[in-house]
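Here are some exercises to work through with the model open beside you. Try each one yourself before you read the solution.

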Amino acid sequence: MSECASKGCGCTTEPIIQPTTQVPQTTESAQAVYRIENMDCPTEEALIRGKLGGLPGVVGLDFNLMQRTLAVRHELPSLSSVEQALTAIGMQAVRMDQASTEKKTKLSIAKMDCPTEEALIRNKLGTVAGVADLDFNLMQRTLSVRHADQALPDVLAALQTLGFEAQVMDTTEAAPSTSPLTAPTNWWPLGISLVTASAAEAVYWFHNGNHWSVVALALVAVFTGGLSTYKKGWIALKNRNLNMNALMSIAVTGAMLIGHWPEAAMVMVLFALAEVIEAKSLDRARNAIRGLLDLTPELATVQQIDGTWREVSAKQIAIESRVRVKPGERIALDGEVLEGRSAVNQAPITGESLPVEKAPGDSVFAGTINESGSFEYRVTAVASHSTLARIIHAVEAAQGSRAPTQRFVDQFARWYTPIVFGVAIAVALLPPLFMGAAWLDWIYR
């Protein structure tokens, strides 16, 4: 009982409560939770903490590296500064704690298979209104776009202006899927280009200088080997992007203008050959991923509710299901042995050269091979979250992520390349215009 009431002065309790209702002068901090797909080690946590810790209005940061989540306690009217800071350091953050009108669409882009094309697409889509995040996977030739509800047509139109035909993929399938088979490389244009470029070099040295046949051979070499480079270079220049294709197109054209026909032809051929080698290396990586996916069988023998056993698609098997494995079969899902003993070849997953004995209570992994006895096991992870699936996802994520050094090089090249290009133009134009120097000499320099 208050002192006022005990004295019987008849006053109400409102004057006592009023100071309490006025206390909300200290603003209670709000919390936003983000899932950051490429945050999984203390180094990245330290990078994020250093970037966000100095932002005004950020009260605290709670990290969960196992779940790849970050809870930001803040006193901000808008979280745009937080999200921009995360984007600046290459973190792929998705807001989890609120219903969002944003969608995530996965696109298949058949002609996207090198970092140069990724940079071109990233720069173009970065200017499209409603695009929040881009996640590239060059191995699978896919692009995941987080965008506003009505922004997808603009995204597809922007990709078309770059010469890329994108198809919306069905994302209902949880398990990793293989990319389409790679189209065979058309070698004959590159072969013609290499032969004619070599012939142009030989004829040039035979005549001790240029000859009409040298020009003809060089033009054939540039046309057959570098037509796609010129197309990509023109698209890049139209979008104000001085990427490798644009620079190579300019360099080869410049070499031809100053009369160095054999050099122009050979440079274009070598560049086309380098592109083919790069594409083949990515194809080998895709085939390796496809080989991993082929390790897991499509069907598994599962015990039904009535006690019978039936073959079921591995993608439909739930956790806690009881699965039977016969000798010589591959294990379809991760699990724990319940009954029986066997030796399991785990080389596809762990690299062990000898089979490992399995008894009740031991773990087994999807994609491994049961060699001797039969056993039954309890499923502990669905197909999309098995050890093998997580290995595949880790390989793809590692390929798609960009290291801090790469991000620095990208930022550096964004300024360095145009500056050097501008200096080259100045060297070519200023002396002839203002000092009366020879045009051909300074264009050559």
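**Exercise 1.** Find out which helix holds W439, and decide how W439 should be classed by its accessible area.

*Solution.* Start with the place: W439 sits in helix 14. Keep in mind that this is a predicted model. Next, take the relative accessible area of W439, which is 42%. Exposed would need over 50% and buried under 20%, so W439 comes out as partly exposed.

**Exercise 2.** Work out which residues make up the nonpolar patch on the surface, and which element gives the largest share of the patch.

*Solution.* First, list the members: I425, L429, L430, L433, F434, M435, W439 and I443. Together they have about 840 Å² of accessible area. Now sort them by element: helix 13 (404-435) and helix 14 (439-444) each give two or more residues. Helix 13 takes the largest share, with six residues.

**Exercise 3.** Check that E117 and K232 form a salt bridge, then explain why this pair ties together parts that are apart in sequence.

*Solution.* A quick reminder: side chains of opposite charge can pair when their charged atoms come close. The cut-off for a salt bridge is 4 Å between the nitrogen and the oxygen. In this pair, the closest N and O atoms are 3.2 Å apart, so E117 and K232 pass the test. Now look at where they sit: E117 is in helix 5 (residues 115-125) and K232 is in helix 8 (residues 212-238), so the bridge ties together parts 115 residues apart in sequence. As for their surroundings, E117 is buried at 5% relative accessibility, while K232 is partly exposed at 28%. By the same rule, the count for the model is 10 salt bridges.

**Exercise 4.** Do the same for E320 and R378, and for E376 and R322.

*Solution.* Take E320 and R378 to begin with: their closest N and O atoms are 3.0 Å apart, and they form a salt bridge. E320 lies in the loop between strand 10 (309-313) and strand 11 (322-325), and R378 lies in strand 17 (residues 375-379), so this pair ties together parts 58 residues apart. E320 is exposed at 51%, whereas R378 is partly exposed at 22%.

Then move to E376 and R322, whose side chains meet in a salt bridge at 2.5 Å, N to O. E376 is in strand 17 and R322 in strand 11, 54 residues apart. E376 is buried at 12%, but R322 is partly exposed at 24%. One last step: salt bridges with shared partners join R322, R324, E339 and E376 into one network.

How values were computed. Residues numbered from 1 in each chain as written. Predicted model: local features only at pLDDT ≥ 70, side-chain atom pairs only at ≥ 80, totals over all residues. Heavy atoms only, no water. Helix = DSSP H or I, 4+ residues; strand = E, 2+ residues; numbered from the N terminus. Buried < 20%, exposed > 50% of the residue type's maximum accessible area, 1.4 Å probe, protein only. Patch = residues over 30% accessible without salt bridge, like charges linked within 9 Å, V, L, I, M, F, W, Y side chains within 5 Å. Areas by Shrake-Rupley, 256 points an atom, 1.4 Å probe, with all protein chains shown as cover.
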